[in-house]
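This report describes how the strands, the nonpolar core and a few individual residues are arranged.

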Amino acid sequence: IETVVRQLRLSTTATDPNGLPLTYSWRSINTMAAVLDPASATPTVQLGELYGDYPFEVTVTNSKGQTAKAVITVRLVVLGYNNREGRRRSGGALRY
C-alpha cells in the first residue's frame, strides 16, 4: 500500500474453516509507527515523520488458540511522486 497520509485504516479478512470466533492483534514492526486500535480487524495506524516503509503484523487467533500471521507494509511517499518509477504522478492518495 502506498499513501501520502500519515494516518490511515488497514483492513484484513479472515475466516475459520470450522466457524470458530476469531480475534485480531496488530503490532507495528517499526517503532516509528503506532496501531491505535490493535484488537480490530480494521485498525487505524499512525505513521512516523519519515518517508519510507512501515510494516505491520497482524495475528489472527481462533478460540482454540490456533494462529495465522501476515505482514502488511505501508509506504509513505511524497505527494505527487511515484518512488517506483522515479517521476511525478497525479491521482489518488492510495495505490494498491
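A strand is here a DSSP run of E with at least two residues, numbered from the N terminus, and in this predicted model Gly 52 lies in strand 6. Gly 52 is partly exposed, its relative accessible area being 24%. Leaving aside residues up to four places away in sequence, Gly 52 touches Val 74, Arg 75 and Leu 76. The C-alpha atom of Gly 52 is also separated by 9.4 Å from that of Glu 2, although the two residues are 50 residues apart along the chain.

An open sheet of four strands, with mixed pairing, follows the order 1-7-6-3. Because strand 1 (2-3) and strand 3 stand at the edges with a single partner strand each, one side of each is left without a neighbour in the sheet. The pairing of strand 1 with strand 7 is parallel and runs over two bridges, and Thr 3 stands opposite Leu 76 in strand 7.

The largest nonpolar core comprises 15 residues, and those with the most contacts inside it are Leu 10, Trp 26, Leu 47 and Phe 56. The elements that give two or more residues to this core are listed below.

| Element | Residue range |
|---|---|
| Strand 3 | residues 22-28 |
| Strand 6 | residues 52-62 |
| Strand 7 | residues 67-76 |

Of the elements, strand 6 gives the most to this core, with four residues.

As for the aromatic rings, the structure holds zero aromatic pairs, whereas Arg 6 lies over the face of Tyr 51, at 5.3 Å from the ring centre.

Conventions: Residues numbered from 1 in each chain as written. Predicted model: local features only at pLDDT ≥ 70, side-chain atom pairs only at ≥ 80, totals over all residues. Heavy atoms only, no water. Phe/Tyr/Trp six-rings, centres within 6.5 Å; stacked < 30°, edge-to-face > 60°. Lys NZ or Arg CZ within 6 Å of the ring centre and 35° of its normal. Core = buried A, V, L, I, M, F, W, Y, C linked by side-chain atoms within 4.5 Å. Buried < 20%, exposed > 50% of the residue type's maximum accessible area, 1.4 Å probe, protein only. Pairing = 2+ DSSP bridges. Contact = heavy atoms within 4.5 Å.
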